[in-house]
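This briefing is written for someone meeting the structure for the first time, and it takes up the empty spaces, the bound ligands and one unusual peptide bond in turn.

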Amino acid sequence: MITAQSLPTQPVPAAPRWQALWRDAVRDPHELLALLGLPALAARLPAAATQQFPLRVPRGFVARMRPGDPDDPLLRQVLPLDDEDRIVPGFDLDAVGDGAARGGPGIIHKYAGRALLVATGSCAVHCRYCFRRHFPYAEETAAADRWRAALEWLAADTSIDEVLLSGGDPLSLATGKLAEFSEGLRALPHVRRLRIHTRLPIVLPERVDAELLAWLSSLPQQRVVVVHANHGNEIDAATAKALAALRDTGATLFNQAVLLRGVNDDAGVLAELSERLFAAGTLPYYLHQLDRVAGTAHFEVAPERARTLHAELAARLPGYLLPRLVREVAGAASKLPL
Ligand SMILES: *Cc1c(COP(=O)(O)O)cnc(C)c1O
Ligand code: SF4
């Protein structure tokens with residue numbers, strides 16, 4: 001069994017391969033455009049947005065993009081464009097009311113029985129539509145010394161039966177860090193489920209290594225892993241293998257996607273995503289209407305169009321492959337059907 005004590009094993013192991021791949025991510029938009037043979041797009045790079053939320057994309061994810069295609073659905077998700085600089089009324093800094101829902105140190109408590117831990121602010125990829133792109137991670141993460149305070153908060157509220165590790169991306173933490181936290185959770189019998197919200201198995205499947213799998217298998221709680229893919233092209237052989245390995249630990253796998261104009265606002269594309277996910281042992285969970293966060297207006301799909309797409313999808317797929325179309329409303333008791 002893996003414990004916090006045994007995980008940073010002796011002798012000190014070499015840094016895992018995924019961390020090297022992580023560090024090697026593309027961060028220069030001009031390099032990305034050169035890799036894809038799209039130098040002309042440089043004219044559309046923004047001035048301000050990249051400073052505050054810079055480009056970041058693992059090379060393995062770039063390899064799934066179509067060279068020479070400025071409209072590639074994976075490229076659109078990660079490439080900052082000057083559209084982000086536009087100020088659009090209704091698109092704000094804290095669109096989902098996270099600021100008001102702080103439960104404790106690094107904890108967001110919005111829904112009955114579930115507490116979300118902002119485990120870290122880091123992600124392997126920076127998604128341009130991200131609803132947390134303006135979140136004050138530095139003050140709010142539960143990592144490092146805040147773990148203890150977060151655990152105390154969880155211990156005090158026995159109505160919490162599910163803890164969600166989120167972020168940022170919790171799997172961007174070293175497995176030893178995750179084990180430290182899960183050791184603390186063992187002492188809280190009211191927490192019966194541990195849920196991990198992560199995009200890493202999709203964008204950097206190498207993260208799903210033997211150490212992570214051993215840790216997941218060792219947990220006493222029921223485990224749920226919610227990954228995040230928006231387009232079928234994100235799921236290649238390596239990703240499918242990583243998802244299968246996660247499932248073999250006994251975790252239940254779901255996917256959430258965000259409905260994004262120019263990426264997946266097409267019933268055929270969404271159907272293909274569901275099919276590929278299921279082939280990899282993962283069920284579609286939510287299809288989110290975009291949260292109205294500053295700098296993301298160009299990704300929005302009008303609610304009417306979203307409903308039409310969802311109805312088309314329902315007509316094509318078995319019910320269990322149909323994600324729930326939802327939106328988040330600040331102050332609501334759950335995600336709401338659109
Ligand atoms: C979305 C979310 C959850 C999980 O909601 P489910 O409907 O159970 O998937 C929990 N806490 C917060 C703060 C959330 O934003
Ligand atoms: S991985 Fe998730 S949290 Fe990180 S930038 Fe993308 S959408 Fe946001």
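A cavity, as the word is used here, is a set of points on a 1 Å grid over the protein atoms alone where a 1.4 Å probe fits but cannot get out, whereas a pocket is an open set with protein on both sides within 12 Å along at least five of seven lines. By this rule the count comes to 1 cavity of 30 Å³ or more. The model is a predicted one, and the points below should be read with that in mind.

**The cavity**

- The largest cavity holds about 60 Å³ of space, and its lining includes Asn-255, Ala-257, Leu-270, Leu-273 and Ser-274, together with Pro-284, Tyr-285, Tyr-286 and Pro-323.
- At least two residues of this lining come from each of β7, α12 (267-279) and β8.
- Sorted by class, the lining of the largest cavity comprises 9 nonpolar and 2 polar residues, with no charged ones.

**The largest pocket**

- The largest pocket encloses about 1,000 Å³ of space, and 49 residues line it, those nearest its centre being Phe-131, Arg-132, Ser-166, Gly-167 and Gln-256.
- Two or more residues of this lining are given by each of several elements, among them the strands β4 (162-166), β5 (193-198), β6 (222-228) and β7 (252-258), as well as the helix α9 (200-203).
- The lining of the largest pocket divides into 23 nonpolar, 14 polar and 12 charged residues.
- Ligand 1 sits in the largest pocket, and the largest pocket is also the space taken by ligand 2.

**Ligand 1**

- The residues around ligand 1 include Ile-108, Lys-110, Tyr-111, Arg-114, Leu-116 and Leu-164, and also Arg-195, Tyr-285, Tyr-286, Glu-328 and Lys-335.
- Three side chains place a polar atom close to an oxygen atom of ligand 1: Arg-114 has an N or O atom at 2.7 Å, Tyr-285 has a polar atom at 2.7 Å, and Tyr-286 has one at 2.6 Å.
- Taken alone, ligand 1 exposes 390 Å², and the protein buries 91% of that area.
- The strands β2 (107-111), β3 (114-118) and β8 (283-288) each supply at least two residues of the shell around ligand 1, and β2 gives the most, with 3 residues.
- This shell around ligand 1 is made up of 6 nonpolar and 5 charged residues, with no polar ones.
- Tyr-285 and Tyr-286 are among the residues around ligand 1, and both also belong to the lining of the largest cavity.

**Ligand 2**

- The surroundings of ligand 2 consist of Cys-123, Val-125, His-126, Cys-127, Cys-130, Gly-168, Arg-199 and His-228.
- By class, the shell around ligand 2 has 4 nonpolar residues, 3 polar residues and 1 charged residue.

**A cis peptide bond**

- Most peptide bonds are trans.
- The bond from Gly-167 to Gly-168, however, is cis, with omega near 15 degrees.
- Gly-168 is placed in the loop between β4 and α8 (175-185), and this glycine, Gly-168, is also one of the residues that surround ligand 2, while Gly-167 is one of the residues that lie nearest the centre of the largest pocket.

Terms used: Residues are numbered from 1 along each chain as its sequence is written. Chains are lettered from A and ligands numbered from 1 in the order in which they are written. This is a predicted model: local features need pLDDT of at least 70, side-chain atom pairs count only at pLDDT 80 or more; totals for chains, interfaces and linings use all residues. Side-chain values use heavy atoms; hydrogens and water are left out. A residue is near a molecule or strand if one of its heavy atoms lies within 4 Å of it. A polar contact is a pair of N or O atoms within 3.5 Å; within protein, one must be able to donate a hydrogen and the other to accept it, and residues adjacent in sequence count only if both atoms are side-chain atoms. Accessible areas come from the Shrake-Rupley method with a 1.4 Å probe; for residues, only the protein chains shown count as cover. On a 1 Å grid over the protein atoms alone, a cavity is a set of points where a 1.4 Å probe fits but cannot get out, and a pocket is an open set with protein on both sides within 12 Å along at least five of seven lines; lining residues have an atom within 4 Å of a point. A molecule sits in a cavity or pocket if more than half of its atoms lie within 2 Å of its grid points. Helices (H or I, at least four residues) and strands (E, at least two) are DSSP runs, numbered from the N terminus. Ala, Val, Leu, Ile, Met, Phe, Trp, Tyr, Cys and Pro count as nonpolar, Asp, Glu, Lys and Arg as charged, and the others, Gly among them, as polar. Grid points are joined across faces, edges and corners, and a volume is the space filled by probe spheres set on the points.
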